[in-house]
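Please consider the structure shown below. The account that follows leads through its helix packing, its nonpolar cores and one further helix.

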Amino acid sequence: MKIARDSLVDRLCQERNTEDRKRIKLITGIRGSGKSSLMDMLADRFAGQGMEKDQIINLNFADLRYEDICRENILYNFLSKKISTGLHLVIILQEVRYTENIEKTIDSLSVYDNADIYITTSETYLEEEELDHMLFGKYVRINVLPLSFSEFAAYARLTDLLGKGPENHAPDRLYAAYLREGGFPYILYSLAENAACKPEKAPLGHLTPAALGSRYVQSLYDAILIHDIVPHRQISDTPILEYLFYFLCRHIGQTLSPKKISDTLRLAGRPTNTRTVDSYIQAFEQTCLVYRIKRYDLAKDMPLKTLEKYYIADLAFRTCIFHLENDPSSPALLENLICLQLIRGGWKVYNGKLGTGQITFTALRKDPKTGREERCYIQVSGTSSIFEQETESPVSEGGSEEQKKTGSPSPALATNIRSFIALYKKIKDNYPKYIVSFDPKEYDLSGIKCIPALKFLERS
């Protein structure tokens with residue numbers, strides 16, 4: 001049973017060319033995130049909308065069947081003959097890194113009015129400026145990440161992945177499993193298949209779920225490093241590369257700089273320099289393994305160039321590669337998930353700076369319908385009353401009638417809320433402002449929405 005990713009398919013359909021808008025759709029994402037399955041779903045959606053089979057060209061260049069047409073002139077001639085029929089075509093080109101001089105081919109195809117082009121790649125070694133130049137600015141980039149918590153939870157409930165019964169479908173149980181297993185679709189398919197069989201008949205019955213996940217994630221990790229990063233960057237010192245990724249996995253959500261990282265690695269007996277660290281982090285970014293979140297000065301309304309935070313594409317890398325514990329009460333891991341969720345929604349994510357205060361995430365995007373700028377602010381609080389005994393303590397500032405009816409946050413969370421509200425009051429705009437914590441209750445405090453973490457992740 002395939003995992004439905006309707007929101008992504010809907011978004012891709014919304015980007016189809018129209019009379020007044022024509023652009024190429026560039027779909028990027030880490031290996032194993034499900035880009036190929038997504039393209040198959042997209043092709044099925046178009047077929048269901050009445051397009052004929054001859055109008056949908058779906059080529060996956062990772063498949064050896066298409067090796068003979070990977071060369072520039074052969075691929076162009078093949079596609080141009082299809083286009084010359086005059087039919088409106090949807091052209092899906094998957095894993096174009098295996099093709100020859102694909103930039104020129106895409107340029108040549110983009111002049112045709114009857115070609116709607118979708119491209120996927122696991123590597124994005126071209127910078128935004130280079131992409132603009134190559135595609136004349138006529139493209140939209142869409143990130144495909146591993147499954148979100150809401151997608152994971154929906155599939156786990158549908159397949160009884162954790163077992164039957166309401167206790168196995170509870171959000172906190174699913175959240176702990178999501179942190180442990182990660183969001184790579186293949187792992188969920190395999191676990192669901194094993195769970196549906198008797199142990200002796202399970203196709204992977206000799207492997208425990210933990211061993212199954214570790215084996216798959218390790219293979220993805222090796223492929224990214226050995227096949228994608230090392231040859232492209234001509235890296236000879238792979239231990240430093242691996243240790244750097246381990247370091248970023250250990251310090252999720254901490255404010256860092258390449259110099260600070262290189263100094264720390266040197267003290268740990270891993271001598272390197274700032275330029276090397278920055279180059280390796282860029283390689284992680286370009287393979288969608290790591291997301292670098294820059295600071296945004298809210299007073300000056302502009303991004304800053306120093307002291308970033310780093311988040312990883314899937315938390316399974318921590319458990320399966322480095323055997324780190326993904327504690328369900330960790331605020332850093334919650335930050336990681338919220339950051340990825342914002343990226344899924346098409347937001348440009350920053351770490352907000354306002355004087356000496358910090359807002360965990362400041363997210364910006366253009367409304368796809370109106371073109372107007374949207375913005376939202378999110379503070380992530382590590383205080384938890386899911387994992388602690390709750391105590392009654394009123395919020396002295398900004399408590400609403402609804403909040404008084406539903407109860408009060410724990411004392412530590414109340415302290416955090418007061419500091420967050422004081423910081424939010426300095427922002428003179430009316431964009432949505434959120435506080436996300438492990439507190440199980442939902443509050444509205446002077447227009448600031450305090451939302452339980454699992455509700456935020458499931459409704460996003």
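At what angle do helix H10 and helix H11 pack? In this predicted model, H10 (residues 238–250) and H11 (residues 258–267) pack at an angle of about 110°, and their axes are 11 Å apart. Angles of 65 to 115 degrees count as roughly perpendicular, and H10 and H11 are therefore roughly perpendicular to each other. Their crossing is right-handed. On the H10 side the contact is made by Tyr243, Leu244, Phe247 and Leu248, and on the H11 side by Ile261, Thr264 and Leu265. By class, six of these residues are nonpolar, one is polar and none is charged.

Two of the contact residues, Leu248 of H10 and Ile261 of H11, also appear in the description of the largest nonpolar core. This core has 86 residues, of which Phe245, Leu248, Ile261, Phe317, Ile338 and Ile378 touch the most other members. Helix H9 (residues 209–233) gives the most to the core, namely nine residues. In soluble globular proteins, nonpolar side chains tend to be buried together.

The surroundings of Ile378 can be listed in detail. Leaving aside residues up to four places away in sequence, Ile378 touches Ile338, Leu342, Ile359, Thr360, Phe361, Tyr424, Tyr434, Val436 and Phe456. A second core, separate from the largest one, has 22 residues, including Leu79, Leu89, Ile106 and Ile117.

Helix H7 spans residues 171–181, and its buried residues are Leu174, Tyr175, Ala177, Tyr178, Leu179 and Glu181. An α-helix has 3.6 residues a turn, so residues three or four places apart point the same way. After H7 comes Gly182, with a positive phi near 85°.

Definitions and conventions:
Residues numbered from 1 in each chain as written. Predicted model: local features only at pLDDT ≥ 70, side-chain atom pairs only at ≥ 80, totals over all residues. Heavy atoms only, no water. Buried < 20%, exposed > 50% of the residue type's maximum accessible area, 1.4 Å probe, protein only. Helix = DSSP H or I, 4+ residues; strand = E, 2+ residues; numbered from the N terminus. Core = buried A, V, L, I, M, F, W, Y, C linked by side-chain atoms within 4.5 Å. Contact = heavy atoms within 4.5 Å. Axes fitted to C-alpha atoms, helices over the stretch in contact; angles between N-to-C directions. Parallel < 35°, antiparallel > 145°, perpendicular 65-115°, else oblique. Left-handed = near helix turned anticlockwise from the far one by under 90°. Nonpolar A, V, L, I, M, F, W, Y, C, P; charged D, E, K, R; others polar.
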